[in-house]
Amino acid sequence: MGMLQKYDTLKSSILLAIAAAGGLTIAPFATAEVACHGADGYGPTVATYVTEASACIAASDAIRTDFADELVERMNRDRAATGIKALQRRTSLDKAAQAHALDMATRNYADHLDKEGRDHLFRVRAFDRSMLAGNTGANVLISESGADAADIYVAMLEDELNAENLAREGFTHVGLGVVRHGGISYVVQVFTTMEGELTQDLPLTLAGTTPIRANLAGKSNEAVAWGITDAVSGEVIAKGNTSRVRASRLGTSPAAALDIVVSASTDLLVLKGPLVSAR
């Protein structure tokens, strides 16, 4: 079996640029039928990525939700045995994991990045339209023919770095994607620490003025600013301390990331919100 592991801490590279401004699931898709063109990868904008990946997931008979369910059950059983809080499933995270597992199976590769260079965080932020995440992590595993869910879980535990993600106390939510193709299982697990949630789902594409308000996990935490960065260049393209953003400020960026700057006691943290694109 081949395994890959990834763990990211709270992102702070844009903190100063955003803070200088001072305060502050899955989205519904178009009713028109969207075709799956998985052999070519998913679309380049946030909206086309989510709609095309969702079409491929819906059309696939290779996704093993029973394997995913058993893996979560085993994981949470072991966490409980060591006094660690159980991970919660989140549909958007399952979709993010399934999209990548299906893409790897379809295009025959194994990596945390897809062939266009998009990572797990991109997928989480594309599919989840309200979560504000702190730490994130992921496991990727490719198993030989015949392995069942129990075999896959044992293989993950035998890899030190993957086992660390499975038992990491700070994670709160998990999503899994298991795809069986050509006798091989492609397994993706994504983990997040959910630190808050937008009060209103952020649309995949912005038009006009969109509200940005957040409910945060800690009672003493306070949102003090927001920033939107281009997902490719990392350039801050909009920032503010009001509770709304105008679509015109995004320019033509096909994928831009919302970040919320939070005052937590004496620290400032950057929480990762959804991806958006300009109409």
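Leaving aside neighbours within four places in sequence, which residues is Phe122 in contact with? In this predicted model, select Phe122 together with Tyr49, Ala255 and Leu275, for these are the residues that Phe122 contacts once such neighbours are set aside.

Keep Phe122 selected and display its secondary structure: the residue belongs to helix H5. Phe122 has a relative accessible area of 10% and is therefore classed as buried, the cut-off being under 20%. Next, add Ala257 and draw a distance between the two C-alpha atoms; the separation is 8.7 Å, although the residues are 135 places apart along the chain.

Extend the selection to the whole of H5, residues 120-127. This helix is mostly covered, with 8 of its 8 residues buried; among them are His120, Arg123 and Arg125, as well as Leu121 and Phe127. At the N-terminal end of H5, select Asp119, which acts as the cap: one of its side-chain oxygens lies 3.3 Å from the backbone nitrogen of Leu121.

Move now to Ser277, in strand S13, which spans residues 267-278. Ser277 is buried, with a relative accessible area of 3%. Beyond four places in sequence, the residues touching Ser277 include Val46, Ala47, Leu204, Leu250 and Ala255. Ala255 also appeared among the contacts of Phe122.

Finish at strands S9 (residues 222-230) and S10 (residues 236-240), which pair in the antiparallel sense over 4 bridges. Select Thr229 and find Val236 of S10 standing opposite. The two strands form a hairpin with 5 residues between them, and Gly234 in the turn shows a positive phi of about 80°.

Conventions:
Residues numbered from 1 in each chain as written. Predicted model: local features only at pLDDT ≥ 70, side-chain atom pairs only at ≥ 80, totals over all residues. Heavy atoms only, no water. Buried < 20%, exposed > 50% of the residue type's maximum accessible area, 1.4 Å probe, protein only. Polar contact = N/O pair within 3.5 Å; in protein donor to acceptor, adjacent residues only side chain to side chain. Pairing = 2+ DSSP bridges. Contact = heavy atoms within 4.5 Å.
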